[in-house]
Amino acid sequence: MASPDILIIGSGMAGASLAAGLAKTGASILMLERGQQIVADGHERSAKSVFGTGHYMPVEKWVDQHGKLFTPGNHYNIGGNSKFYGAVMLRYRAEDFAAMEHEDGVSPAWPFGYEELAPWYEAAEKLYNVRGLVGGDPTEPAHGGPYPFAPVPDERAIAQVRARLVKAGGRPFSLPLAVDIEEWLKHGAITWDGFPDTRSGKMDAETCGLVVAARNPGFRMESGALVTKLDAGSDGRIVAVHYLQDGQSHRVTPKVVVLAAGAIQSAVLLLWSGIANKSDQVGRNFMNHNASAIIGVSPRFVNDSVYQKTIALNDWYLSDGSGGYPLGNIQLLGRVTGEILQGQVPIMPRFAANWLSRHAVDFYGMTEDLPRADSRVTLDGDRVRLAWTRSNMVSHRRLVGKFKAMLRQAGFPVVLTRLFDGRVPSHQCGTVRIGLDAASSVLDKNCRAWEHGNLWVPDAGALPTSAAVNPALTVAAMALRAAGAIGKAV
């Protein structure tokens, strides 16, 4: 097999977006994905399969900082974790790119400001056909124009919730979403949040990024290909990449290597290969949003929605509302049906789960996790070791408390909450962060490794901060930006 100009490891949001950004260059591109394509076999729309039996969960085990084994929530398949994401395409706020003081510390500044990434955000919104409405969110950064499509409409029950929140003093806005709702609902009346798409309406890495990438006649995908090592030459350049496929060992020698396996696995592969780590920063500064489910319940409210996930609030994003520290973002979850609820809480009787679902509305609150050197990914023999120390939990509890009070004022007298644990990949990032110098970062501001001139890592691992919004659009924008630089280098 002839070696390509560019090798991309991973087909998720970063890898697919970068390949799409290179589609017009004419370069020969090989993408290696360890997983396979998700097929439409009935499991993809089954709440029991997705939330109960763990049909799509990996078979591997990781170990936490206490030495305890656990099954991670990460997925290996064409399209990566984007196949299961909630399709929320929020930009980081402009303030997120500057140093921001939190109660638990300082979120550091990026090596560039919002305005440098803004055109790439716009390009990513076009690539992923984002539905939204500019101007509804008071914290929203400047846009160069409207979203490509109008927002996904609120269902009747959610329109009522929006009106109630406004009456209670909130400022809900329409979530920017990468979903063709008409096409999605043709295949079944179910939410898209957490359910894998099989080319049926959700705009993800496979259905958008890889579709555009495939327009390049030089693009080729190999699935079931597990990359095991990267070799660096004496001049620092990556000279070979090794992978396993169908039990056979392969070696390729591309001109450029793009590592886009996600914040965990990109760090693991660098550590396993013993490269890019003179700074001792590979694997460090792991971040995972502090996130809680917040469920408002009222016997007088009837939730007959199907997909639900169309509104959010940033009322406490930049401060607590009284000049205090930032707290975070609130957004709807996809509709939590009785079957989904019982899958998460197996001891709950089905009749109780169905009643609760019918009279509840389900939200998701998240607070920025700050980068810490001791929150890190390391190797434990042949296992991944993930040691995550939460930060900003006082602020997270305040966010949950403030929204609980608003929900009660909005007519939901009972509010239930549940903090997601570390097994849930709540927007994993950090581990190979960008920066302005090789001593404190792994990558330069364009996502190129300081130590290896032909190695780029544009996935969520490159993010120097987690902010408090979903990172998918930022990852896509960063990858498109990196593609612009790579295109000039090949």
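Q: How do you know that the span of helix H4 agrees with its 12 residues?
A: The expected span of a helix is 1.5 Å times one less than its number of residues. For H4, residues 156–167, that comes to 16 Å, and the end C-alpha atoms sit 17 Å apart, so the two agree. Helices here are DSSP runs of H or I with at least four residues, strands are E runs of at least two, and both are numbered from the N terminus.

Q: What sort of model are these values computed from?
A: A predicted one, where local features need pLDDT of at least 70 and side-chain atom pairs count only at pLDDT 80 or more, while totals for chains, interfaces and linings use all residues. Residues are numbered from 1 along each chain as its sequence is written, and side-chain values use heavy atoms, with hydrogens and water left out.

Q: Which residues of H4 are buried?
A: Ala-157, Ile-158, Val-161, Arg-162 and Leu-165. They take up an arc of only 145° around the axis, so they lie on the same side of H4. That arc is the one made by the directions from the helix axis to the C-beta atoms. "Buried" means under 20% relative accessible area, "exposed" over 50%, and "partly exposed" in between (1.4 Å probe, protein chains only).

Q: What covers the buried residues of H4?
A: The cover includes strands S7 (173–174), S14 (311–313), S15 (329–332) and S16 (360–367), plus helix H10 (393–409).

Q: What puts the buried residues of H9 on the same side?
A: The buried ones in H9 (residues 350–358) are Ala-353, Leu-356 and Ser-357. Their arc around the axis is only 100°, so they share a side of H9. They pack against S13, helix H8 (338–344), S16 and strand S19 (414–419).

Q: Why does Ala-276 count as buried?
A: Its relative accessibility is 3%, so Ala-276 counts as buried. Ala-276 is in the loop between helix H7 (263–273) and strand S13 (290–297), and its phi is positive, near 60°. Most residues other than glycine have a negative phi.

Q: What is the relative accessible area of Gln-308?
A: It is 0%, so Gln-308 is buried. Gln-308 belongs to the loop between S13 and S14, and though not a glycine, it has a positive phi of about 70°.

Q: Why is Asn-277 called partly exposed?
A: Asn-277 has a relative accessible area of 25%, so partly exposed is the right label. Leaving out residues up to four places away in sequence, Asn-277 touches Leu-271, Val-282 and Glu-451, with contact meaning heavy atoms within 4.5 Å.

Q: What makes a set of grid points a cavity?
A: On a 1 Å grid over the protein atoms alone, a 1.4 Å probe must fit at the points but be unable to get out; lining residues have an atom within 4 Å of a point. Points are joined across faces, edges and corners, and the volume is the space filled by probe spheres set on them. The search of the whole structure finds two cavities of 30 Å³ or more.

Q: What volume does the largest cavity have?
A: About 70 Å³. Its lining includes Leu-90, Arg-91, Asp-137 and Phe-173.

Terms used. On a 1 Å grid over the protein atoms alone, a cavity is a set of points where a 1.4 Å probe fits but cannot get out, and a pocket is an open set with protein on both sides within 12 Å along at least five of seven lines; lining residues have an atom within 4 Å of a point.
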